[in-house]
Amino acid sequence: MVDTLKKDFDIKDIWVPHEIHPETPPQGRAMNELFSQFDVDHMLAECRRRVLPYDLKFGALTWLSNSHSSLEAAEYARENGHYDAFHHAVFKAYFSETHDIGDRRVLQGIAKQIGLDPQELEKALNTGIHSNRVAQGTMEARKRGITAVPTFFIEDLPPIIGAAPENRFRSALQSIEERK
């Protein structure tokens, strides 16, 4: 949706890493350990409905990946000028293809797919060089009271939390343009 909105509005988007469930074990866990099956089914149905206009699909998610490595990998991609491509590829890998984005082999495959060196990514993950950025993003999110992802901050307006409809973003962005 952000990409669609960029066609009509001058948006500078900055994605901040944030682990919403840092207690997830490294190997991940079944979704229904954290949420009821009713909640998972309802959430996925709503997500599927919301992404239809954007030619995206949501697979049958049953596994909650530990996202820490994927967030560090995204910071590595940002540092190397491939953040947007990595961000989109991780989204597709997890939500559409239901791959475990906590699995470094999956992350290496994504890196290769978008033109990053998978071995260099692995070195960065092994050293934890970007772990601090993830921790800082999570700390900032907690300070701001963020308990859901995505959460969008648009200038001085109240945050937009979750998979809100596009018209809500358009109204917010339009109100900013009208003030200028």
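## Working through a predicted model

Asp13 counts as partly exposed, at 26% relative accessibility. The model you're looking at is predicted, so keep that in mind as you go.

**Exercise 1. Find the salt-bridge partner of Asp13, and say whether that partner is buried or exposed, or in between.**

Step 1: go through the charged side chains around Asp13. The side chain of Lys6 meets that of Asp13 in a salt bridge, at 2.8 Å from N to O.

Step 2: check the distance against the cut-off, which is within 4 Å. The 2.8 Å pair passes.

Step 3: look up the accessibility. Lys6 has a relative accessible area of 30%, so it is partly exposed. Asp13, at 26%, gets that label too.

**Exercise 2. Work out how far apart Glu46 and Arg49 sit along their helix, and how they interact.**

Step 1: place them. Both belong to helix 2, residues 37-51.

Step 2: count along the chain. They're three residues apart, which means a separation of about one helical turn.

Step 3: look at the side chains. Glu46 and Arg49 form a salt bridge, and their closest N and O atoms are 2.6 Å apart.

Step 4: add the exposure. Glu46 is partly exposed at 25%, and Arg49 is partly exposed at 49%.

**Exercise 3. Decide whether Glu97 and Lys92 make a salt bridge or not, then see which residues a network joins.**

Step 1: take the closest N and O atoms of the pair, which are 3.9 Å apart. The rule asks for a distance within 4 Å, so this pair counts.

Step 2: check the surface. Glu97 is partly exposed at 36%, and so is Lys92 at 46%.

Step 3: move on to the network. Glu75, Arg78, Glu79 and Arg133 are joined into one by salt bridges that share partners.

Step 4: get the total. The chain's salt bridges come to 15 under this rule.

**Exercise 4. Locate the backbone oddities: a cis peptide bond and two positive phi values outside glycine.**

Step 1: recall the background. Most peptide bonds are trans, and most residues other than glycine have a negative phi.

Step 2: find the cis bond. It joins Val149 and Pro150, with omega about -5 degrees. Pro150 sits in the loop between helix 7 (131-143) and strand 3 (151-152).

Step 3: take Thr98. Its phi is near 55 degrees, and it lies in the loop between helix 4 (83-96) and helix 5 (104-114). With a relative accessible area of 38%, Thr98 is partly exposed.

Step 4: take Glu155. Its phi is near 45 degrees, in the loop between strand 3 and strand 4 (160-161). Glu155 counts as exposed at 57%, because the cut-off is over 50%.

**Exercise 5. Describe the overall build of the chain, from its elements to its radius of gyration.**

Step 1: list the elements. There are eight helices and four strands, running α-β-α-β-α-α-α-α-α-β-β-α from the N terminus.

Step 2: test the size. A compact globule of 180 residues would have a radius of gyration near 16 Å, and the chain's 17 Å agrees with that. Its C-alpha atoms fill a box of roughly 50 × 40 × 35 Å along the principal axes.

Step 3: look at the packing. Buried residues make up 37% of the 180. Of the contacts between residues at least 6 apart in sequence, 63% join residues at least 24 apart.

Step 4: finish with surface and charge. About 10,900 Å² is exposed, with 54% of it from carbon and sulfur atoms. There are 22 positive and 27 negative side chains, and the centres of those two sets lie 1 Å apart.

How values were computed
Residues numbered from 1 in each chain as written. Predicted model: local features only at pLDDT ≥ 70, side-chain atom pairs only at ≥ 80, totals over all residues. Heavy atoms only, no water. Helix = DSSP H or I, 4+ residues; strand = E, 2+ residues; numbered from the N terminus. Rg over C-alpha atoms; globule rule 2.2 N^0.38 Å. Buried < 20%, exposed > 50% of the residue type's maximum accessible area, 1.4 Å probe, protein only. Contact = heavy atoms within 4.5 Å. Areas by Shrake-Rupley, 256 points an atom, 1.4 Å probe, with all protein chains shown as cover. Lys, Arg positive; Asp, Glu negative; His and termini not counted. Charge placed at Lys NZ, Arg CZ, Asp CG, Glu CD.
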